[in-house]
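Reader: I should like to learn how the packing of helices and the interior of a protein are read from a model. Could we work through one case together?

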Amino acid sequence: MSRTFARLGWVRTLKFKIVAMAVVTGVLSALVTTQLVLFTTQANIQHMLIQGESDDVERTAALLGSKIDMLRDALKAVARQAPAPLWDDPVAMQHYLASNQGLNALFESVLAARPDGAMLARMAKDQISTDLPNIGDRAYFQQALRTDQPVLSDPLVARVANTPVVIIAISSQAPDSQVVGVMAGVLRLQSSNLFSEVTRTVHTKGSRVLIMDRAGVLLAHTNPAQLLGPAAEEPGLMDVFNRWHAVGSPIDTTGAATLSQGHLVAMAGIPDSDWTLVRLTPLAAALQPVDAAQATAWKAAGGVGLLVAVLAGAVAWRLTRPISVLRARATKMLLEDGSSTEGWPRDGGEIGQLALAFQQVVEQRQQKQGETQALLVQLEAVLDHAEVGIAFTRNGHFELVSRQFCQIFQFNKQRVIGKPTRLMYPSVEAYQALSERAHPAFMQHGAFDGEVQLARVTGELFWAHMRGRAVMPGDRSQGTIWTVEDITASREHRERLAWTSSHDSLTGLVNRPAFEELLTRSTERAGTEPFCAMFVDLDHFKQVNDSGGHAAGDALLRDVAHILAAQVRQADTVARLGGDEFAILLRGCPLEQALEVGEKLRSAVVAYRLLWEGQSFGVSASIGLVAVDASYASATEVMRAADAACYAAKEQGRNAVVVFDPQAPESLLGVL
Ligand SMILES: Nc1nc2c(ncn2[C@@H]2O[C@H](COP(=O)(O)OP(=O)(O)OP(=O)(O)O)[C@@H](O)[C@H]2O)c(=O)[nH]1
């Protein structure tokens, strides 16, 4: 895992980040620019599309209008030129119609009828027709009779051909303005060249063209099967149609286009007619050019973005090369000893300044190292001449030690540097105990001064006087200076002196001053911790001295001391007050129990025999016992009471234990 991170370390480099940023910025700027351009142009393109569509439909409608005009004019010319007698002569009329080739080419059929509706003649595609029905009931015929202008019929189904048609009709008048007949041209919607060009020409895939009248009847449609059907049902037209129909189906020759029901719907009224041209284009097809333009734009943006990214990346790579050189050279700088001016990047900008700064740092570091080295040599010389052991420690490790320090601990100077200071202590517990002692001292006084038991490398324990002082007061992280002095000998001497001053040299028991001190302290606490005290005086000891000599007396005193000490608890104290007098302090012992102890002592002493140079010596003990409580004001009082009880024991014949009665000190009771 860590190796993977190490391998991907270059990802975190400044160079990579700058190059990546340049690449991303290049791509993003290309994409954002494209998006902005498309966003602002899309609405314009759409508006232009709608405008173009409405203009186109308007132009087409105008064309259709002029075409209808042309048909009207043609029919009007033929009708007006027909001489009046023709209207009474069917054969002549037939000839007249047949002779007008142009008219026959324009219309599906051309007919002439008298004012009563009787058809005189009919030409259908250059053929004279014999089928001549009466058209007197036709609305367009009636309308034509009433005006001298051409009339355009509503769509209707031709009686003869049974197909949807529209008819242009015009009346013919005699010089006296009498209507002599009506001439009509039939235009078959299905095959008429009137609309076919318009409806068949599909500009956009999926678009439909239709022509409808005011009632919404389809006169022309891209699909001829829809003819005469309702325009309202045309997919995509319903909403627009309903709105148009609701305002009275105006024939507005100005083109208009709108987006509705997923279609681009363009409408324009055909001039001089009741008809409207409609073109429906599915939105997807209508906007296809916009989409195509967008796709092209995105592709171009992608290409430009890629190019910009590559260029930006390459430039950033080139520009950040000094950073890589600086990094590599700075890394090498940490490993080498001497200073070298080679390999640093030559750059006029910040990198060059950084490189120069690094070189200066290297030079300064070398200079400082030299100075530090010299200082260290001086320091070591000073340390090595000091009488006490000196060590400089930091974070629990040795950083500097003096010769004397190593001698005390028997450390190897070279090896101990960097090792934990715990090596000075006999155990982990001792190390922790010293830490707990030293910490508050450092906090309070900024220094530690105390006697500590330490251990040499060999494991040998010794007592040391340790002094520690933080290099920076209040901040031990900067290191601590320790001095260590081996005080084992002086401490033992001191302890020996202390023991001698408080113990009897013959028996090793506590001596009188020490016992009196103990008795004083115990009497002061007797109110809460009552105890018993005994005064023991050997009987006829003088005889031992006299018979066996002073040495025998000494031997007996030593043995008796051991016997007394063996009969009491560890917490109790047996003291020799002097001569053959002993005292015992029984801590926390009730009187009854103390009496038992006294009896045990008496029995043990009387049972003991000293064999000395062929002789046997024995003694007994007179014991005075006193139960000490708050009523005793001082140790002297206690001693006096015990002494009095002992005296009473002597008086009563020796080898006895007498309890001091504070109520009747004269007539002591409790003799055993
Ligand atoms: N061997 C020896 N004798 C000592 C020492 N100190 C005192 N004595 C002697 O101990 C004796 C104590 O005297 P006493 O207590 O009067 O003699 P005792 O024979 O025990 O008399 P009672 O107490 O009345 O029974 C004296 O003879 C002292 O010289 C000592 O350190 N060593």
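Author: We may begin with a pair of helices, bearing in mind that this model is predicted. Two packed helices are described by the angle between their axes and by the distance between those axes. Here the axes of helix H2 (residues 14-81) and helix H9 (residues 288-319) come within 8 Å and cross at roughly 160°.

Reader: How is H2 oriented relative to H9, roughly parallel or roughly antiparallel?

Author: Angles over 145 degrees count as roughly antiparallel, so at roughly 160° H2 is roughly antiparallel to H9. H2 passes H9 in a right-handed crossing. The contact between them comprises 19 nonpolar, seven polar and one charged residues.

Reader: At what angle do H18 and H19 pack?

Author: The angle between helix H18 (residues 550-567) and helix H19 (residues 591-607) is about 150°, and their axes lie 10 Å apart. These two helices are therefore roughly antiparallel to each other, and their crossing is right-handed. On the H18 side, Val 560, Ile 563, Leu 564 and Gln 567 meet Lys 600, Leu 601, Ala 604 and Val 605 of H19. By class, this contact of H18 with H19 has six nonpolar, one polar and one charged residues.

Reader: Which residues of the largest nonpolar core touch the most other members?

Author: A core is read through its members and their contacts. The largest nonpolar core has 43 residues, and those touching the most other members are Met 93, Leu 97, Met 183, Phe 195, Ile 211, Trp 275 and Leu 277. H2 gives the most to this core, with eight residues. A second, separate core of 36 residues includes Ala 552, Ile 584, Leu 586 and Tyr 608.

Reader: Which residues does Phe 195 touch, not counting residues up to four places away in sequence?

Author: Phe 195 touches Leu 64, Leu 189, Ile 211, Leu 219, Ala 220 and Trp 275 on that count. Lys 67, found in helix H2, is 128 residues from Phe 195 in sequence, while their C-alpha atoms are 9.6 Å apart in space. With a relative accessible area of 21%, Lys 67 is partly exposed.

Reader: Is Ser 260 buried or exposed?

Author: The cut-off for buried is under 20% relative accessible area. Ser 260 has 7% relative accessibility and so counts as buried. This serine is found in strand S10 (residues 256-260). Leaving aside neighbours within four places in sequence, Ser 260 is in contact with Gly 236, Asp 239, Val 240 and Val 265.

Conventions: Residues numbered from 1 in each chain as written. Predicted model: local features only at pLDDT ≥ 70, side-chain atom pairs only at ≥ 80, totals over all residues. Heavy atoms only, no water. Helix = DSSP H or I, 4+ residues; strand = E, 2+ residues; numbered from the N terminus. Buried < 20%, exposed > 50% of the residue type's maximum accessible area, 1.4 Å probe, protein only. Contact = heavy atoms within 4.5 Å. Axes fitted to C-alpha atoms, helices over the stretch in contact; angles between N-to-C directions. Parallel < 35°, antiparallel > 145°, perpendicular 65-115°, else oblique. Left-handed = near helix turned anticlockwise from the far one by under 90°. Nonpolar A, V, L, I, M, F, W, Y, C, P; charged D, E, K, R; others polar. Core = buried A, V, L, I, M, F, W, Y, C linked by side-chain atoms within 4.5 Å.
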